[in-house]
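User: Hi, I'm new to this one and could use a walk through it. Could you put it up so we can look together?

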Amino acid sequence: MLHEMIFAGFGGQGILTLGMTVSYGAVDQGLETSWIPAYGPESRGGTSNCTVMVSDEKIASPVTTTPGAIIVLNEPSFAKFITRLKPGGVAVCNRDLVVSGTDRQDIEVVWISANTEAKALGNLLTMGNICLGALNARAGFLSREGIEQGLSHVFSGSKAKLIPLNMQAYDRGVELAQAVAVR
């Protein structure tokens, strides 16, 4: 089992944190993982993405040009990565910031109004974990416990109080992935 994923959006949306969450969770579950961030010189507002691999075997290369799963939180990321998604792959897209669509019939596209859902939870920064829950519900790369363990590494010390809210966001994403029509 090898899961090749790319998470992409604007800097400040928590993209790199999503990748770290998955990678830490994979390690805690005894899986092999890699996490490679890529971002522009801007710390907030510029483009940001990361490539994450999760496998039960050694990972030969931490780079992929054709991921099997993507999360895209904004329009530029959608334009860049939707064409790279391998046939049969899963894309979770933030409908609040991605206005275009795709004609591809060989992939599964899950549209989530991530900003709207995150605001309903009281914290816009949970949008990424909503999308992560939706992606994991469709692609199945980690257990819920693995995600929670990953969050415990990312949000340690005084930030540990953010774990319950982010798990609530993750669970909401799972619910939405099971309820929304796919296209």
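User: Leaving aside neighbours within four places in sequence, which residues is Val90 in contact with?

Analyst: Keeping in mind that this is a predicted model, Val90 is in contact with Gly68, Ala69, Ile70, Leu85, Glu108, Leu135 and Arg138, once neighbours within four places in sequence are left aside.

User: And is Val90 buried or exposed?

Analyst: Val90 counts as buried, because its relative accessibility is 7%, and buried here means under 20%. Val90 lies in strand 5, which covers residues 90–94, and its C-alpha atom is 5.9 Å from that of Val109, although the two are 19 residues apart along the chain.

User: What order do the strands of the sheet come in?

Analyst: The sheet is open and has 6 strands in the order 2-3-1-4-5-6, with mixed pairing. Strand 2 and strand 6 stand at the edges with a single partner strand each, so one side of each has no neighbour in the sheet.

User: In which sense do strand 4 and strand 5 pair?

Analyst: Strand 4 and strand 5 pair in the parallel sense, over 4 bridges, and Val72 stands opposite Cys93 of strand 5.

User: Switching to helix 1, which strands does it lie across?

Analyst: Helix 1 lies across strand 1, strand 2, strand 3 and strand 4, and runs at about 15° to strand 3. Among its buried residues are Ile15, Leu18, Val22 and Ala26, and the buried residues of helix 1 pack against helix 4 and helix 5 as well as those strands.

User: What comes just after helix 1?

Analyst: Gly30 is found just after helix 1, and takes a positive phi of about 80°.

Methods. Residues numbered from 1 in each chain as written. Predicted model: local features only at pLDDT ≥ 70, side-chain atom pairs only at ≥ 80, totals over all residues. Heavy atoms only, no water. Helix = DSSP H or I, 4+ residues; strand = E, 2+ residues; numbered from the N terminus. Buried < 20%, exposed > 50% of the residue type's maximum accessible area, 1.4 Å probe, protein only. Contact = heavy atoms within 4.5 Å. Pairing = 2+ DSSP bridges. Axes fitted to C-alpha atoms, helices over the stretch in contact; angles between N-to-C directions.
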